Amino acid sequence: MLNDNRIRIIIGHYGSGKTEFAVNYAMKLADKAKKVALADLDVVNPYFRSREKQDILGEKGIEVIGSSLGMKSGADLPAVSSRVLAPIQDASYDLVLDVGGDAVGARALARYYSSFKDGNYDMFCVINANRPGTQTAEGAIEHIKGIEAASRIRITGIINNTHLLRETTVDDVLRGQELAIEVSENLSIPIKYVSALEKVARQLPRDMEGQIFPINMYMREDWM
Amino acid sequence: MARILMKGNEAIGAAAIKAGCKFFFGYPITPQNELPEFMAREFGKHGGTFLQAESEVAAINMVYGAAGAGARVMTSSSSPGIALKQEGISYIAGAELPCVIVNIVRGGPGLGGIQPAQSDYYQSTRGGGNGDYRLVVYAPANLQEAVDLTMEAFEVADYYRNPVMVLGDGMIGQMMEPIEFKEPKKRELPSKDWATTGTKGKRKPNIINSLRLAPAELEKLNHKIQDKLKKIEENEVMYEMYNMEKPELVFCAYGTTSRIVKNTIELLKSEGINAGLIRPITLWPFPYKAFEEIPETAKAILTVEMSCGQMVDDVKIGISGKLPVGFYGRVGGMIPSPQEIVDKAKEMLGGVK
């Protein structure tokens, strides 16, 4: 697990759980890599952004690149810090890019596209089969094509992150897996991870395509 | 129908479509942008018309026009944007027209910030615009409720010919939750024989207007509106009583804050303190009668809000001096934590023992 190319770009339909996956991925990566950075490239969402979790990420030694004004929340401008370029170019970094939703969010990536070469990056598309818009393979593929066109970068892996928050069942994940397989076969892109809350992940069959990736809910307070 | 995961702003838009809304006029402002964005994308597929107006003032006056022509119509904005709409809202109330206004509240005053707040309580429940009128104000605490209340809002608006507001703090607009779309509950609605739909040469023109220069006539209109509001107070109050069997302390909170208070109640329980919650679902009409149902065990009331205490007056009216009323709030987009509320609750109980 986590043996992906140095730059991991997390994209997907907005609301699919990209940020939760990106934060979890960075937290796990910090256990095995020396120098991890997480860059918040989201120019779409005003709330629930990875930069809000700067404190817990920072404790793990992860460098969080968010607002150039140093704001953890509340910034209302779709601005991306110039600092993002450093870990993209500096090969001593392991980097996670948390990108905004849909093609609109992925447009922010296009500015860096010349830096992404085969073998130095992976771009993972997070899919949630319980989200309107990506409930069918057709819808999911349309999103992927839109994101690839806007970012000018090819997707290298699919992440099945099908969930209903705390109410997620094994059946949800399995239904999502059927969708992920259909998308995967259609586009010839492998399923890299199947992410689910730890209690659900424990009950998943071991022979699924893609590695099981247990996650914590960092982005959601207990009362949510 | 299986449940799907939606963001609050999208869910409110989807609920409006399901409720038969046909026109949406709006102007962008964070944190409600996903709502007009959703309508721009989806409304046309369902026979609706979406139009981005040149300002909030323009949008609310388009609502005025569409409502006058008898259409189900909605607008949405956030706090300072709603402030801009107040003139139009007062006109709509004065012309006795139905419409739904969504306010996804951000921190104030002024342009404030984009994080969640509940500091538009006065603006929503005490007018905002000029004259003697009221809005029916629904304050959902979760997204299923946001969907159900948005649908209900259209029925209530048509039933009473009065503008209705759906008030969610920014968190309700931005968070995601599983939702099921049920068939909306329908009321027996009177036909809109007052609407400006064209006379076809067969009747006198209907006139939509809020200007009444003859004092006697304006007084008559005021009395008519007041009679209607009285009926709303009698019939439309909604609230939730949570863990109210033998509470030592009673919280009063609505929207997102009520969810945090429910977690607070669990924390207090683990420390041997039994607390309950009165959760207003309609902010106007306010559920004063809920306070008459408070058991004798209660020693105090603690109001918790993301404002500087705008709901405290209503709580005091409700309890009529029978119990001390305390307040805890965070503002500016800061969200209270359950532990902060626990500390305040213990401090308050210590003081009244």
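## A buried lysine, a chain interface and unusual backbone sites

B:Lys85 lies in the loop between helix H4 (79-84) and helix H5 (86-94) of chain B. The model described here is predicted. Is B:Lys85 paired in a salt bridge or without one? B:Lys85 is buried and has no salt bridge. The nearest side chain of opposite charge belongs to B:Glu56, at a distance of 6.4 Å. Because a salt bridge needs the nitrogen and the carboxyl oxygen within 4 Å, the 6.4 Å to B:Glu56 does not qualify. B:Glu56 is nevertheless in contact with B:Lys85. Leaving aside neighbours within four places in sequence, the other contacts of B:Lys85 are B:Ala59, B:Ile60, B:Thr75, B:Ser76 and B:Ser77.

The next topic is the interface of the two chains. Chain B gives 26 residues to the contact and chain A gives 23 residues. Together the chains bury about 2,200 Å², with 60% of that area on carbon and sulfur atoms. Between chain B and chain A there are 8 residue pairs in polar contact, both residues being at pLDDT 80 or more. The interface also holds 3 salt bridges. One of the residue pairs joined by a salt bridge is B:Glu177 with A:Arg220, whose closest N and O atoms are 3.9 Å apart.

On the side of chain B that touches chain A, the elements giving two or more residues are strand S1 (4-7), helix H8 (170-174), strand S8 (176-179) and helix H10 (255-270). By class, that side of chain B has 13 nonpolar, 6 polar and 7 charged residues.

The backbone has some sites to note. Most residues other than glycine have a negative phi, and most peptide bonds are trans. The table lists sites that depart from this pattern.

| Site | Feature | Value |
|---|---|---|
| B:Thr30 to B:Pro31 | cis peptide bond | omega about 5° |
| B:Gly108 to B:Pro109 | cis peptide bond | omega near 0° |
| A:Asp102 | positive phi | phi near 60° |
| B:Asn243 | positive phi | phi near 55° |

Where do the prolines of the cis bonds sit in chain B? B:Pro31 is in the loop between strand S2 (23-26) and helix H2 (34-42). B:Pro109 is in the loop between strand S5 (99-105) and helix H6 (121-125).

As for the residues with positive phi, B:Asn243 belongs to the loop between strand S9 (239-242) and strand S10 (249-252) of chain B. A:Asp102 is instead part of a helix, H4 (residues 102-106) of chain A. A:Asp102 counts as buried because its relative accessibility is 18%, and the cut-off for buried is under 20%.

Notes. Residues numbered from 1 in each chain as written. Chains lettered and ligands numbered in written order. Predicted model: local features only at pLDDT ≥ 70, side-chain atom pairs only at ≥ 80, totals over all residues. Heavy atoms only, no water. Contact = heavy atoms within 4.5 Å. Buried area = accessible area lost by both parts, 1.4 Å probe. Polar contact = N/O pair within 3.5 Å; in protein donor to acceptor, adjacent residues only side chain to side chain. Helix = DSSP H or I, 4+ residues; strand = E, 2+ residues; numbered from the N terminus. Nonpolar A, V, L, I, M, F, W, Y, C, P; charged D, E, K, R; others polar. Buried < 20%, exposed > 50% of the residue type's maximum accessible area, 1.4 Å probe, protein only. Lys, Arg positive; Asp, Glu negative; His and termini not counted.
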